[in-house]
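Colleague: I'd like to go through some of the labels in this model with you. Let's put it up and take them one by one.

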Amino acid sequence: MKAIRRFTVRPVLPEPLRPLSDLAHNLRWSWHTETRELFQAVDPEVRRTAECDPVRLLGAVSAGRLAELARDQRFLDRLTEVSQNLRDYLDGPRWYQEQQAGGAELPSAIAYFSPEFGVTAALPQYSGGLGILAGDHLKAASDLGVPLVGVGLLYRHGYFRQSLSRDGWQQEHYPVLDPNELPLDLLREADGTPSRVVLALPGGRSLHAHVWLARVGRVPLLMLDSDVEENAPGEREVTDRLYGGGSEHRFLQEMLLGIGGVRAVRTYCRLTGHPDPEVFHTNEGHAGFLGLERIRELSGTGLDFDSAMESVRAGTVFTTHTPVPAGIDRFDRELVARHFGDDGELPGVSAERILQLGTETYPGGEPGLFNMAVMGLRLAQRANGVSTLHGSVSREMFAGLWPGFDAAEVPITSVTNGVHAPTWVAPEVLALRSRYGAAPGRWDSAAEVPDRELWELRGALRGQLVTEVRERLHASWRARGAEPAELGWIDGVLDPDVLTIGFARRVPSYKRLTLMLRDRDRLRELLLHPTRPVQIVVAGKAHPADDGGKRLVQELVRFSDDPRVRHRIVFLPDYGMAMAQKLYPGCDVWLNNPLRPLEACGTSGMKAALNGCLNLSVLDGWWDEWFEPDFGWAIPTADGLALDEDRRDDLEAAALYELIEDRVAPRFYDRGAEGLPERWTEMVRRTLGTLGPKVLAGRMVCEYVERLYAPAALARRALDPGTARGLADWKARIRAAWPRVAVDHVEAVAPTAPDGSAELGAAPTLRARVALGALEPGDVEVQAVAGRVDAADGISDAQVFPLKPAGGQDLEGRWLYEGSLVLDRTGPYGYTVRVLPAHPLLASGAELGLVALPAEAAGDGAGVLMR
């Protein structure tokens with residue numbers, strides 16, 4: 001029989017055990033070893049069935065066992081110690097507070113919005129790298145004491161659970177999540193009623209949401225839930241599943257995340273006394289509507305739309321995570337218009353003004369679509385990609401928003417992602433480091449660990465992975481319909497002494513799950529090599545609507561089902577955090593072979609590296625930035641060649657096989673006099689000691705604080721209502737006058753050789769006559785831009801030299817500007833002159849997307865040739 005109602009019966013903890021509830025409801029246990037060990041000791045019998053979720057564990061422990069623990073003084077002493085440790089962690093000053101004490105001007109609080117958060121497998125609100133990165137961001141912020149408030153949605157079905165049919169086709173399952181069984185608390189008003197946010201929908205409808213609170217160490221994570229009785233059936237399902245439903249469903253999710261999320265933050269701060277955020281960080285475009293809600297808030301104080309937008313922009317940071325336009329949410333303009341204005345949200349604000357923020361007003365754009373990333377960039381004064389290469393790709397991708405500027409000057413910087421070491425590093429690795437003097441939080445002291453201990457550690461972790469794989473593979477085959485009697489072969493799957501390669505990630509086509517299958521005979525030879533065999537563990541989910549991705553999964557599964565190789569290659573379904581935490585430490589090599597440059601960062605290889613796993617990867621994302629031969633291997637790519645996709649994949653797969661056969665496997669199996677692979681262990685040591693500190697989420701969050709959050713807070717503080725109005729008026733005046741700004745004449749005033757060349761070290765003076773129309777010199781900056789030139793006179797490695805006014809206006813109303821170039825390089829050299837808007841409250845000269853250059857036909861600024 002099936003229950004018609006469901007509710008949760010909470011355990012009643014004996015008084016001495018009450019601190020267990022606080023420990024269970026702070027997700028710090030997910031990365032704090034001593035807390036996890038304490039819960040593991042509560043009841044070893046139910047620990048595994050509870051999947052190491054303390055809330056579920058406490059709900060499953062018998063009253064008799066709880067009474068026994070309440071009398072166990074040894075357990076109570078441990079409980080007291082761990083509880084005090086949590087209090088010290090939550091209340092004591094950390095890095096952020098030390099910076100403030102040292103005089104750093106930092107924001108009082110930062111709101112961090114993301115559509116998904118991967119904090120722990122016990123709270124399945126993530127689909128892949130974006131969510132895991134967001135979870136690591138919160139955890140690192142907590143460790144550093146950064147006053148972050150996380151904002152997301154609570155998906156009642158989470159992301160799907162994956163299994164396989166008998167023929168290897170992906171199957172999706174959506175288990176129902178009961179928030180009362182999760183490490184969450186409902187945000188309540190002072191009278192005990194649930195706090196609620198409400199959005200206006202077309203036709204007089206409303207979207208209501210409750211707010212659930214997850215405690216991620218020191219960081220509150222607010223999660224909005226539309227499954228409430230006040231909603232009609234359609235609205236109740238808005239937060240049903242992550243990345244599910246059609247266009248309007250996704251649109252409502254993003255309205256609730258952005259607009260409802262700001263309202264949830266205001267409610268939380270009102271109820272708890274938490275400081276109101278000065279900075280709002282939009283993690284990808286899904287939460288971009290938060291800027292509109294903040295404009296609405298300020299409009300209620302008397303500011304007009306443009307002035308309010310200037311204030312909002314100053315305090316907003318936007319992070320883009322995709323290097324391809326297809327990865328950006330775009331909605332039909334009519335859908336957007338229908339949900340805003342007097343019949344929806346933001347009454348009194350013209351829907352046309354809102355539509356302008358997301359319109360693709362650049363060559364190749366589609367004006368009929370509303371682009372969430374474009375809106376995110378227009379509502380944020382500071383923006384970044386997530387690796388150095390991705391920053392460059394993003395500047396190229398969005399360059400159309402800043403016409404007249406080279407891509408290198410597009411105001412999108414980069415902060416390379418990092419991973420939260422306490423979450424992803426195996427306890428055995430932590431224990432080995434501590435034995436050799438590594439201080440807590442330090443990851444750069446592997447030099448003292450002897451080769452034998454490093455090698456034995458790697459072997460132990462590989463052995464644990466083999467056991468884990470066999471258990472998961474057996475469960476997978478049973479779910480596929482196999483009988484126990486036909487699964488005896490699984491006991492021989494993988495070998496604890498064989499070189500083990502891992503590959504696990506989402507399965508969009510650009511990540512090329514099946515590149516390893518391009519030449520199946522060659523792959524079989526690698527797997528079955530008589531003296532240097534390789535074994536591969538693969539995992540990954542395709543999006544439920546992506547049949548192409550599902551076919552890739554099926555292709556890989558069918559190959560791994562082949563009795564000839566199934567002991568050497570396995571596919572594990574239902575990839576998630578719990579599986580990943582076993583995979584990374586147990587693999588010797590982490591494989592990543594995306595189409596370059598389509599991997600924005602790719603943090604799975606970082607997690608593997610922190611466990612001493614070597615990377616074998618295409619030079620994309622973070623690996624392009626930090627690869628060294630000491631750390632692993634770079635797979636050669638054919639991305640610069642005009643090849644069709646099949647030919648390119650053939651070439652890169654061949655390069656991959658060759659690397660494994662000729663370099664990776666020989667180094668693993670090359671043993672010295674003591675039976676140790678000395679060159680391999682040295683690479684492990686370099687990975688742990690030199691690469692490890694770079695890939696930490698703590699480093700990443702410190703960069704966000706210093707380079708983005710702190711400047712954004714200062715910019716926001718500078719914009720009181722009067723200043724915001726002044727800046728908005730100034731921008732309007734600049735835009736209206738800009739068509740009459742021009743560089744009329746440029747000349748070099750310096751002795752040169754008859755052929756026009758100049759000597760290294762010379763400093764020729766430039767003079768430019770500039771028409772400013774209705775503007776004054778204080779409104780603009782005039783610059784010479786110089787550098788090496790190519791055959792088409794394009795300037796590269798440009799340097800900027802300011803030109804200053806050298807007198808008043810001439811009879812034709814033009815202004816004379818002068819300045820010098822510094823010729824510090826040889827070869828073909830050129831320059832031009834440009835005019836940019838200038839204001840002390842602009843973050844960069846490119847911010848308005850306005851620039852005036854010499855007329856190309858005039859031939860001015862032809863340049864100087866240096867020898």
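Colleague: What makes tryptophan 623 count as buried?

Modeller: This is a predicted model, and in it tryptophan 623 has 1% relative accessibility. Buried means under 20%, so tryptophan 623 qualifies. Tryptophan 622 is buried too, at 2%.

Colleague: Why is the pair of tryptophan 622 and tryptophan 623 called edge-to-face?

Modeller: Two values go into that: a pair of aromatic rings is described by the distance of the centres and the angle of the planes. Here the centres are 5.2 Å apart, and the limit for a pair is 6.5 Å. The planes stand at 70 degrees, and over 60 counts as edge-to-face, so that is the label. The whole structure has 21 aromatic pairs.

Colleague: How do you know that phenylalanine 668 and tyrosine 669 form an edge-to-face pair?

Modeller: By the same reasoning. Their centres are 4.9 Å apart, with 80 degrees between the planes, and the cut-offs are within 6.5 Å and over 60 degrees. Phenylalanine 668 is buried at 0% relative accessible area. Tyrosine 669, at 18%, is buried as well, because the cut-off is under 20%.

Colleague: What makes you say that a charge sits over the ring of phenylalanine 668?

Modeller: The charged end of arginine 671 is 5.4 Å from the ring centre, and the distance has to be within 6 Å. There is also an angle condition, within 35 degrees of the ring normal. Arginine 462 sits over the ring of tryptophan 455 in this way, with its charged end 5.4 Å from the centre.

Colleague: Why are α25 and α26 called roughly perpendicular?

Modeller: They pack at an angle of about 105 degrees. The range for roughly perpendicular is 65 to 115, so the label fits. Their axes are 6 Å apart. Phe668 turns up here again, since the contact is made by Val664, Arg667 and Phe668 of α25 and Arg679, Trp680 and Met683 of α26. By class, that gives four nonpolar, no polar and two charged residues.

Colleague: What makes proline 427 partly exposed?

Modeller: Proline 427, in helix α18, has 43% relative accessibility. Buried is under 20% and exposed over 50%, so proline 427 counts as partly exposed.

Colleague: And how do you know that glutamate 310 is buried?

Modeller: Its relative accessible area is 6%, against a cut-off of under 20%, so buried is the conclusion. Glutamate 310 lies in helix α12. Leaving aside residues up to four places away in sequence, glutamate 310 touches Leu719, Ala724, Leu727, Ala728 and Lys731.

Key. Residues are numbered from 1 along each chain as its sequence is written. This is a predicted model: local features need pLDDT of at least 70, side-chain atom pairs count only at pLDDT 80 or more; totals for chains, interfaces and linings use all residues. Side-chain values use heavy atoms; hydrogens and water are left out. Axes are lines fitted to C-alpha atoms, for helices over the stretch in contact, and angles run from 0 to 180 degrees between N-to-C directions. Helices (H or I, at least four residues) and strands (E, at least two) are DSSP runs, numbered from the N terminus. Angles under 35 degrees count as roughly parallel, over 145 as roughly antiparallel, 65 to 115 as roughly perpendicular and the rest as oblique. Contact means heavy atoms within 4.5 Å. Ala, Val, Leu, Ile, Met, Phe, Trp, Tyr, Cys and Pro count as nonpolar, Asp, Glu, Lys and Arg as charged, and the others, Gly among them, as polar. Buried means under 20% relative accessible area, exposed over 50%, partly exposed in between (1.4 Å probe, protein chains only). Rings of Phe, Tyr and Trp (its six-membered ring) pair if their centres lie within 6.5 Å; planes under 30 degrees apart count as stacked, over 60 as edge-to-face and the rest as tilted.
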